[in-house]
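Here is a short tour of a protein model, written for someone who is new to reading structures. Have a look at the picture first, then read on.

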Amino acid sequence: SILIKQSPVLFEVLRWGGAGFLVFLGLRTLFSRSELMEFAVKGPAKRAKKVVLSGIACNLLNPKILVLVVSVFSQFIGSETLLSENLILGAALLLETALLWYLLVRILSHHKVQTQLQRYQQWVNRFSGTTLLGMGTLLGLHS
């Protein structure tokens, strides 16, 4: 985060990479066949690797994540903050994020929610794809 804050060129490279990745994901979502059908055909093991790699790419190319982390940590961490306190705050943020993500995944993986998502999957894909495409476009146009 410090490198990106100090290097406008690196920030722009990440911004454009993130914008391009969001546009790519949006187009892929808009023009893809059913993800649930793909999951059934490929199976969970191959799908899991693809999802993890996509998530890593999304987070590494997203400068907004770095800005969020810097802004959150700068509220609690100063030059006088001890290393042990920094580690505790970092662990607390990581744990909180993991727990919230776990709850979201549990809710979305519930049988009733999955049934509804399958029923409206075409609309969910259109909404998600359009949203990702719009976010990527706005990120690319934002100066």
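## First, what counts as a helix

A helix here is a DSSP run of H or I that is at least four residues long, and helices are numbered from the N terminus. Keep that in mind, since the names below rely on it. Also keep in mind that this is a predicted model.

## The big picture

So what is the protein built from? It has eight helices and zero strands. Read from the N terminus on, the elements go α-α-α-α-α-α-α-α.

Of the 143 residues, 15% count as buried. The accessible surface adds up to about 10900 Å², and 73% of that belongs to carbon and sulfur atoms. Now look at contacts between residues at least 6 apart in sequence: 71% of them join residues at least 24 apart.

## Helix 2 and its salt bridge

Helix 2 covers residues 8-30, which makes 23 residues. From its first C-alpha to its last it reaches 33 Å, close to the 33 Å expected at 1.5 Å a residue. Quite a few of its residues are buried, including Leu 14, Gly 18, Phe 21 and Leu 25.

How many salt bridges does a search of the whole structure find? One. In a salt bridge, the side chains of Arg 15 and Glu 12 meet at 2.7 Å, N to O. Both residues lie in helix 2, three residues apart, or about one turn of the helix. That spacing fits a general rule: an α-helix has 3.6 residues a turn, so residues three or four places apart point the same way.

Are the two partners buried or exposed? Arg 15 counts as buried because its relative accessibility is 6%, under the 20% cut-off. Glu 12 has 30% relative accessibility, so it counts as partly exposed.

## Helix 8, one face in and one face out

Helix 8 takes in residues 121-141. At 1.5 Å a residue, its 21 residues should span 30 Å, and its end C-alpha atoms are indeed 30 Å apart. Which of its residues are buried? They are Gln 121, Asn 125, Gly 129, Gly 136, Leu 139 and Gly 140. Seen down the axis of helix 8, the buried residues fall within an arc of 100 degrees, so they line one face of the helix.

The face turned away from that buried side carries the exposed residues Trp 123, Phe 127, Leu 138 and Leu 141. Take Leu 138 in helix 8: its relative accessible area is 60%, so it is exposed.

## Far apart in sequence, together in space

Try tracing Leu 132 in the picture; this residue sits in helix 8. Leaving out residues up to four places away in sequence, Leu 132 touches Leu 22, Val 23, Leu 25, Gly 26 and Thr 29. Among these, Leu 22, Leu 25, Gly 26 and Thr 29 are buried residues of helix 2.

Ala 19 is another buried residue of helix 2. Leu 132 and Ala 19 are 113 residues apart in sequence, yet their C-alpha atoms are 9.3 Å apart in space. For Leu 138 and Ala 19, which are 119 residues apart along the chain, the C-alpha separation is 8.0 Å.

Helix 4 (residues 44-60) offers one more pair through its residue Ala 57. Ala 57 and Gly 17 are 40 residues apart in sequence and 9.8 Å apart from C-alpha to C-alpha. With 24% relative accessibility, Ala 57 counts as partly exposed.

## A nonpolar patch on the surface

Which residues form the nonpolar patch on the surface? They are Trp 101, Leu 104, Val 105, Ile 107, Leu 108, Leu 117, Tyr 120, Trp 123 and Val 124, and together they have about 870 Å² of accessible area. Helix 6 (83-108) and helix 8 are the elements that give two or more residues to the patch. The largest share, five residues, comes from helix 6.

Leu 117 is a patch member found in helix 7, which runs over residues 111-119. At 31% relative accessibility, Leu 117 counts as partly exposed. Why does that value allow a place in the patch? Because patches take residues with over 30% relative accessible area.

Conventions:
Residues are numbered from 1 along each chain as its sequence is written. This is a predicted model: local features need pLDDT of at least 70, side-chain atom pairs count only at pLDDT 80 or more; totals for chains, interfaces and linings use all residues. Side-chain values use heavy atoms; hydrogens and water are left out. Contact means heavy atoms within 4.5 Å. Patches are made of residues with over 30% relative accessible area and no salt bridge: like charges are joined within 9 Å, nonpolar side chains (Val, Leu, Ile, Met, Phe, Trp, Tyr) within 5 Å. Accessible areas come from the Shrake-Rupley method with a 1.4 Å probe; for residues, only the protein chains shown count as cover. A salt bridge is a side-chain nitrogen of Lys or Arg within 4 Å of a carboxyl oxygen of Asp or Glu. Buried means under 20% relative accessible area, exposed over 50%, partly exposed in between (1.4 Å probe, protein chains only). The expected span of a helix is 1.5 Å times one less than its number of residues. The arc is that of the directions from the helix axis to the C-beta atoms.
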